[in-house]
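Have a look at the model below before reading on. The notes that follow start with the overall fold and then move to charged and buried side chains.

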Amino acid sequence: MSVRTAVVVVTAWLLLGVTGCTASNGTSSSAASAAGPEASTPPPRSGSAGTGTPSTGTLPYLDCGDALEFTSPDPAAAPYAGPPPHLTVGEATSSLPREWVAYDKARTRWDWEVPRAQLLVCETGVRKRGDTLLRECTDTIPNVDLYAATYTFTVYELKTGRQVAAVEIDSDSVDPKGAAVGCPAAFTYQVGQGAPSFYQAVSEETLTERLRPLVMAAL
């Protein structure tokens, strides 16, 4: 195998925060989707990887989850209407309050109950915010740089696929010592192309507060 094409897997300390372990050169970490320093362009949705059933939806997505067990739009979902909370599904919702997520009502498993869901929350873009180095992730081999970023979370009505809102959120997650969070747990890169840079995470608290007006709206 050529050194230039060999793939190196590097293990680092465990990722904390909502999102942000995102490579800036097009490679992907194990905890987030890859994106360049400019706003990313999500690929078209082609199906439901969780069930192998082709989707008729065309929603763009970047981080809705590669193993969604439903299609979108999904006629079985509840309309975005009525009293709050308007329950959510999607990979990004793992960082939201449990009572905002359409988990199995019996709470015997972590599956989503689509008929109870009204909103699909997706991370649909990320872009680098300035050139100031926040920290160097020194627990990785090779070491990688961590920068601030602005993320876009797009919220759809699951039943119809209608876009409800696109919310831009600046990265802000820090550890107890005040250091920016987002160093990768693991990532891959091609030898000879250099190690990627990564982006700071968005805190659970910030994501919750920014989505609160949508989830808790009285409709």
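What share of the contacts in the protein with a separation of 6 or more comes from residues 24 or more positions apart? The figure is 66%. Keep in mind that this is a predicted model.

**Overall layout**

The protein has 9 strands and 1 helix. Going along the sequence, the pattern reads β-β-β-β-β-β-β-β-β-α, with the helix coming after the strands. There are 219 residues, and 48% of them count as buried. About 10,400 Å² of the protein is exposed, with carbon and sulfur atoms supplying 53% of that area.

**Salt bridges**

Side chains of opposite charge can pair when their charged atoms come close. The count here comes to 5 salt bridges. The table covers some of them, including the N to O distance for each pair.

| Pair | N to O distance |
|---|---|
| Arg129 and Asp170 | 3.8 Å |
| Glu157 and Arg162 | 3.6 Å |
| Arg212 and Glu209 | 2.8 Å |

Take the Arg129 and Asp170 salt bridge, at 3.8 Å. This pair links distant parts of the chain: Arg129 sits in strand 5 (residues 119-137) and Asp170 in strand 7 (residues 163-170), 41 residues apart. Arg129 is partly exposed, at a relative accessible area of 33%, and Asp170 is partly exposed as well, at 40%.

Arg212 and Glu209 are a local pair by contrast, being 3 residues apart in helix 1 (residues 204-215), so about one helical turn separates them. Arg212 is partly exposed, with 34% relative accessibility, and Glu209 is partly exposed too, with 46%.

**Glu157, a buried acid**

Is Glu157 buried or exposed? Glu157 has a relative accessibility of 7%, and buried means under 20%, so Glu157 counts as buried. Its salt-bridge partner Arg162 is partly exposed, at 41%.

Glu157 lies in strand 6 (residues 144-157). Besides pairing with Arg162, the Glu157 side chain has a polar atom 2.8 Å from the backbone nitrogen of Tyr80. So what does Glu157 touch, not counting residues up to four places away in sequence? Those residues are Pro79, Tyr80, Gln118, Leu119, Arg162 and Val164.

**His86, buried in a loop**

Where is His86 placed? His86 is in the loop between strand 3 (53-54) and strand 4 (88-89). Being in a loop doesn't leave His86 open to the outside: at 0% relative accessibility, His86 counts as buried.

A polar atom of the His86 side chain lies 2.5 Å from the backbone oxygen of Ala217. If you leave aside neighbours within four places in sequence, the contacts of His86 include Leu214, Val215, Met216, Ala217 and Leu219. Tyr80, Ala81, Trp100, Gln118 and Leu119 are also in contact with His86.

**Where the two meet**

Put the two contact lists side by side and some names come up again. Tyr80, Gln118 and Leu119 touch Glu157, and Tyr80, Gln118 and Leu119 are likewise in contact with His86. Tyr80 also offers the backbone nitrogen that lies 2.8 Å from the Glu157 side chain. For His86, the backbone partner is the oxygen of Ala217, at 2.5 Å.

Technical notes. Residues numbered from 1 in each chain as written. Predicted model: local features only at pLDDT ≥ 70, side-chain atom pairs only at ≥ 80, totals over all residues. Heavy atoms only, no water. Salt bridge = Lys/Arg side-chain N within 4 Å of Asp/Glu carboxyl O. Helix = DSSP H or I, 4+ residues; strand = E, 2+ residues; numbered from the N terminus. Buried < 20%, exposed > 50% of the residue type's maximum accessible area, 1.4 Å probe, protein only. Polar contact = N/O pair within 3.5 Å; in protein donor to acceptor, adjacent residues only side chain to side chain. Contact = heavy atoms within 4.5 Å. Areas by Shrake-Rupley, 256 points an atom, 1.4 Å probe, with all protein chains shown as cover.
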